[in-house]
Amino acid sequence: MIYQPTIGIITNIGVHHLDGCLNLEGYIKAKAEIVEGIKEDGTLIINADDANTKKISLKRFKGKIIKFGLQDTADYKASKVEFANTGMKFVLEVADETYNVFVPGYGEHQVYNALAAIAASHEMGLTIRQAIAGLRTFKQMARHLEFTTGLGDSTIIDDTWTNNPTSVEAALKVLDTVGKDKKVILVLGDIKRLGNFEEKYHREIGSMVAVRKIDTLITIGKRAEKIADQAQKDGTSAEVHTFKEVAGVLELLKPKLDADTIVLIKGPMSSRSMIEFANKLKNA
């Protein structure tokens with residue numbers, strides 16, 4: 001109401017804040033307020049591939065709509081997506097032109113973020129090539145899938161900035177690629193703010209874990225026990241351990257850590273103990 005932005009971006013709509021929005025439909029409705037807030041002749045940049053974003057009605061929006069994604073319906077389309085050294089590379093297709101793009105940071109979600117950023121930059125007057133060059137200067141924020149070398153020369157992926165089902169799935173997809181030919185240890189904490197859907201989504205994550213090559217699964221917290229329980233029910237091959245608190249996890253992990261091991265730590269930003277635990281693994 002005060003600033004009336006001229007450009008709005010919806011990268012995706014996952015599962016979060018269900019305690020306040022009551023259910024996923026309520027959360028989608030809350031996200032749709034972005035559309036209402038854009039200036040009348042403004043630009044809306046949306047993910048053409050995201051199922052929840054497609055549920056937002058755009059009938060009343062009179063401005064310009066730009067779509068990005070991996071499908072042919074996108075105005076800014078990414079193809080030939082690959083993991084590269086320290087990031088993602090892909091081919092960008094815009095208006096019958098193609099460009100090679102690199103974005104620092106692992107994961108398909110980074111490709112979507114990059115597409116949205118390029119589209120917005122181009123709307124603001126940069127050339128596509130200027131926008132692509134700018135992407136190379138991007139630096140991963142601390143505790144956002146942050147890769148470091150830790151105890152025993154192991155690889156530590158610290159993703160303790162936030163914790164929700166969408167970000168857990170994104171992190172697991174990254175692990176699928178970077179964890180190949182390594183011993184994989186997964187440390188998962190409680191997911192908060194899920195309201196009445198707490199058990200449902202923790203169990204869904206357990207099922208996601210069960211179909212993957214995980215050597216050791218460690219859950220921390222009462223809610224996260226449902227992840228371990230479901231993973232075991234679904235026949236995970238992982239060695240499973242559940243902890244109420246962080247105490248004792250480091251002692252369990254130390255003998256397992258070596259140069260062939262990769263550890264993903266995913267926990268809520270409110271858990272100081274999980275953040276400190278990750279720091280101990282990284283700084284040792």
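**Figure 1. E198 and R223, a salt bridge between distant parts of the chain.** At 29% relative accessibility, E198 counts as partly exposed, because that label covers values between 20% and 50%. This close-up, like the others here, comes from a predicted model. E198 pairs with R223 in a salt bridge, and their closest N and O atoms are 2.8 Å apart. The two partners belong to distant parts of the chain, 25 residues apart: E198 is in helix α7 (residues 198-210), while R223 is in the loop between β10 (216-220) and α8 (225-233). R223 is partly exposed too, with a relative accessible area of 29%.

**Figure 2. E204 and K200, a salt bridge within helix α7.** Stay with helix α7 and look for the side chains of E204 and K200, which meet in a salt bridge at 2.8 Å, N to O. How far apart are E204 and K200 in helix α7? They are 4 residues apart, which means a separation of about one helical turn. Salt bridges that share partners also join E199, R203, D229 and K233 into one network. Back at the pair, E204 is partly exposed, with a relative accessible area of 33%. K200 is partly exposed as well, at 42%.

**Figure 3. D258 and K183, a salt bridge that ties a loop to a strand.** A search of the whole structure finds 17 salt bridges. In this view, the side chains of D258 and K183 meet at 2.8 Å, N to O. D258 lies in the loop between α9 (249-253) and β12 (261-266) and K183 lies in strand β9, so their salt bridge ties together parts that are 75 residues apart in sequence. D258 is partly exposed, with a relative accessible area of 27%. Its partner K183 is also partly exposed, with a value of 34%.

**Figure 4. T86 and D181, two loop residues with a positive phi.** Here is some background for this view: most residues other than glycine have a negative phi. T86 is not a glycine, yet its phi is positive, at about 70 degrees. You can find T86 in the loop between β4 (76-84) and β5 (87-94). D181 is not a glycine either, and its phi is positive at about 65 degrees. Look for D181 in the loop between α6 (165-178) and β9 (183-189). Is D181 buried or exposed? D181 is exposed, with a relative accessible area of 79%, because a value over 50% earns that label. T86, with 47%, is partly exposed.

**Figure 5. M141, W161 and M269, a nonpolar patch on the surface.** Three residues form this patch: M141, W161 and M269. Together they have about 300 Å² of accessible area. Where does M141 lie? Look in the loop between α5 (128-135) and β7 (146-149). M141 is partly exposed, and its relative accessible area is 48%.

**Figure 6. Helices α4 and α5, a right-handed crossing.** Here the view turns to two helices, α4 (residues 108-123) and α5, whose axes come within 9 Å. At what angle do the axes of α4 and α5 cross? The angle is roughly 135 degrees, and α4 and α5 are therefore oblique to each other. To be called roughly antiparallel, an angle has to be over 145 degrees. The handedness of the crossing between α4 and α5 is right-handed.

**Figure 7. A48 and E146, two residues to locate along the chain.** Begin with A48, which sits in the loop between β2 (43-47) and β3 (64-69). A48 is buried, with a relative accessible area of 9%, because values under 20% count as buried. From A48 to Y99 there are 51 residues in sequence and 20 Å in space, C-alpha to C-alpha. Next comes E146, which lies in strand β7. With 22% relative accessibility, E146 counts as partly exposed. How many residues apart in sequence are E146 and T236? They are 90 residues apart in sequence, and their C-alpha atoms are 26 Å apart in space.

How values were computed:
Residues numbered from 1 in each chain as written. Predicted model: local features only at pLDDT ≥ 70, side-chain atom pairs only at ≥ 80, totals over all residues. Heavy atoms only, no water. Patch = residues over 30% accessible without salt bridge, like charges linked within 9 Å, V, L, I, M, F, W, Y side chains within 5 Å. Areas by Shrake-Rupley, 256 points an atom, 1.4 Å probe, with all protein chains shown as cover. Salt bridge = Lys/Arg side-chain N within 4 Å of Asp/Glu carboxyl O. Buried < 20%, exposed > 50% of the residue type's maximum accessible area, 1.4 Å probe, protein only. Axes fitted to C-alpha atoms, helices over the stretch in contact; angles between N-to-C directions. Parallel < 35°, antiparallel > 145°, perpendicular 65-115°, else oblique. Left-handed = near helix turned anticlockwise from the far one by under 90°.
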